[in-house]
Amino acid sequence: MHLHKYEKYWLAFGVGSLIVFLLITGIMAFHNGSHPPSAKNTINYEKVDEITPFNKPGVHKVEGKDWDYEAVVVASAFYYDPPTLEVPVGAKVKFIATSKDVVHGFEVAGTNINMMLEPGYISEYVTTVDKVGEYLIVCNEYCGVGHAQMHSMLKVVEPK
Ligand SMILES: [Cu+2]
């Protein structure tokens with residue numbers, strides 16, 4: 001079979017790019033230890049409702065930790081439990097979330113809170129909510145027919 005000179009160059013470039021890509025990915029994963037952040041904590045996604053803290057979704061005040069509140073969220077097709085979260089402004093909040101079925105997103109619009117919720121894994125994010133307002137929480141991972149309706153609300157309020 002005869003290959004044109006430029007076709008050979010192009011093939012070599014393609015194969016070379018693939019090797020470079022695999023090398024970079026391999027070095028990042030095995031040498032530098034980069035993994036998706038959610039890979040740290042796992043959970044049996046079929047028993048989410050029975051496992052602490054997901055047996056009590058919602059906002060809980062905590063003592064003696066580096067954060068003041070824990071916002072526990074369970075995502076499933078096509079809603080979030082609880083439907084609204086309310087935290088006082090200025091509080092340091094740890095968002096703890098997981099999925100009961102497929103991959104969902106957890107993006108709080110207008111903030112830098114953005115997590116991927118995977119079945120079998122617990123996603124966590126600690127942040128300080130510093131502006132009063134109502135923030136829409138949306139699912140930004142396509143999860144099925146009800147995806148576009150999947151949302152909840154984060155209310156940041158003046159402390160009572
Ligand atoms: Cu979705």
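**View 1. Serine 76 and its surroundings in strand E2 of the predicted model**. In this predicted model, serine 76 is in contact with Lys100, Asp101, His104 and Met150, once its neighbours within four places in sequence are left aside. Serine 76 belongs to strand E2, and with a relative accessible area of 5% it is buried.

**View 2. Two cis peptide bonds, one joining alanine 77 to phenylalanine 78 and one joining aspartate 81 to proline 82**. The bond between alanine 77 and phenylalanine 78 is cis, with omega at about -5°, and phenylalanine 78 is found in the loop between E2 and E3. The bond between aspartate 81 and proline 82 is likewise modelled as cis, with omega at about 0°, and proline 82 has its place in the loop between E3 and E4.

**View 3. The edge-to-face pair of tyrosine 80 and phenylalanine 106**. A pair of aromatic rings is described by the distance of the centres and the angle of the planes. A search of the whole structure finds 4 aromatic pairs. For tyrosine 80 and phenylalanine 106 the ring centres are 5.9 Å apart and the planes stand at 80°, so the pair counts as edge-to-face. Tyrosine 80 lies in strand E3 (residues 79-81) and phenylalanine 106 in strand E6 (residues 104-108), so this pair ties together parts that are 26 residues apart in sequence. Both tyrosine 80 and phenylalanine 106 are buried, and together with Phe95 they form one aromatic cluster.

**View 4. The stacked pair of tryptophan 10 and phenylalanine 13 in helix H1**. The rings of tryptophan 10 and phenylalanine 13 are stacked, with 5.4 Å from centre to centre and 20° between the planes. The two residues are 3 residues apart in helix H1 (residues 5-31), and therefore about one helical turn separates tryptophan 10 from phenylalanine 13. Tryptophan 10 is exposed, with a relative accessible area of 63%, and phenylalanine 13, at 52% relative accessibility, counts as exposed as well. An unreviewed UniProt entry lists residues 9-30 as "transmembrane region"; in the model this span is 100% helix and 0% strand, and its end C-alpha atoms lie 31 Å apart.

**View 5. The largest nonpolar core and the contacts of phenylalanine 106**. The largest nonpolar core has 24 residues, and those with the most contacts inside it are Tyr80, Leu85, Val93, Phe95, Phe106 and Leu154. At least two residues of this core are supplied by each of strands E2 (69-76), E4 (84-88), E5 (92-99), E6, E7 (114-117), E9 (133-138) and E10 (151-157), and the largest share, 4 residues, comes from E2. Apart from its neighbours within four places in sequence, phenylalanine 106 is in contact with Val73, Tyr80, Leu85, Phe95, Ile113, Asn114, Met115, Leu117, Ile137, Val138 and Asn140. A second, separate core of 7 residues includes Ile43, Phe54, Val74 and Ile96.

**View 6. Threonine 98 in strand E5 and its polar partner, tyrosine 121**. Threonine 98 lies in strand E5 and is buried, with a relative accessible area of 0%. A polar atom of its side chain lies 2.7 Å from the backbone oxygen of tyrosine 121. With residues up to four places away in sequence not counted, threonine 98 touches Ile43, Val48, Phe54, Val73, Val74, Ala75, Leu117, Glu118, Tyr121 and Ile122; among these, Ile43, Phe54 and Val74 are also included in the second core.

**View 7. Valine 108 in strand E6**. Valine 108 is found in strand E6 and, at 0% relative accessibility, counts as buried. When residues up to four places away in sequence are not counted, valine 108 touches Ile113, Tyr135, Leu136, Ile137 and Leu154. Valine 108 and isoleucine 24 are 84 residues apart in sequence, and their C-alpha atoms are 32 Å apart in space.

**View 8. Lysine 61 over the ring of tyrosine 69, with the annotated domain**. Lysine 61 lies over the face of tyrosine 69, at 4.9 Å from the ring centre. The unreviewed UniProt entry carries the annotation "domain: Cytochrome oxidase subunit II copper A binding" for residues 55-160. In the model, this span is 0% helix and 53% strand, and its end C-alpha atoms lie 27 Å apart.

Notes:
Residues numbered from 1 in each chain as written. Predicted model: local features only at pLDDT ≥ 70, side-chain atom pairs only at ≥ 80, totals over all residues. Heavy atoms only, no water. Phe/Tyr/Trp six-rings, centres within 6.5 Å; stacked < 30°, edge-to-face > 60°. Buried < 20%, exposed > 50% of the residue type's maximum accessible area, 1.4 Å probe, protein only. Lys NZ or Arg CZ within 6 Å of the ring centre and 35° of its normal. Core = buried A, V, L, I, M, F, W, Y, C linked by side-chain atoms within 4.5 Å. Contact = heavy atoms within 4.5 Å. Polar contact = N/O pair within 3.5 Å; in protein donor to acceptor, adjacent residues only side chain to side chain. UniProt positions renumbered as here; feature names shortened; annotations may be inferred.
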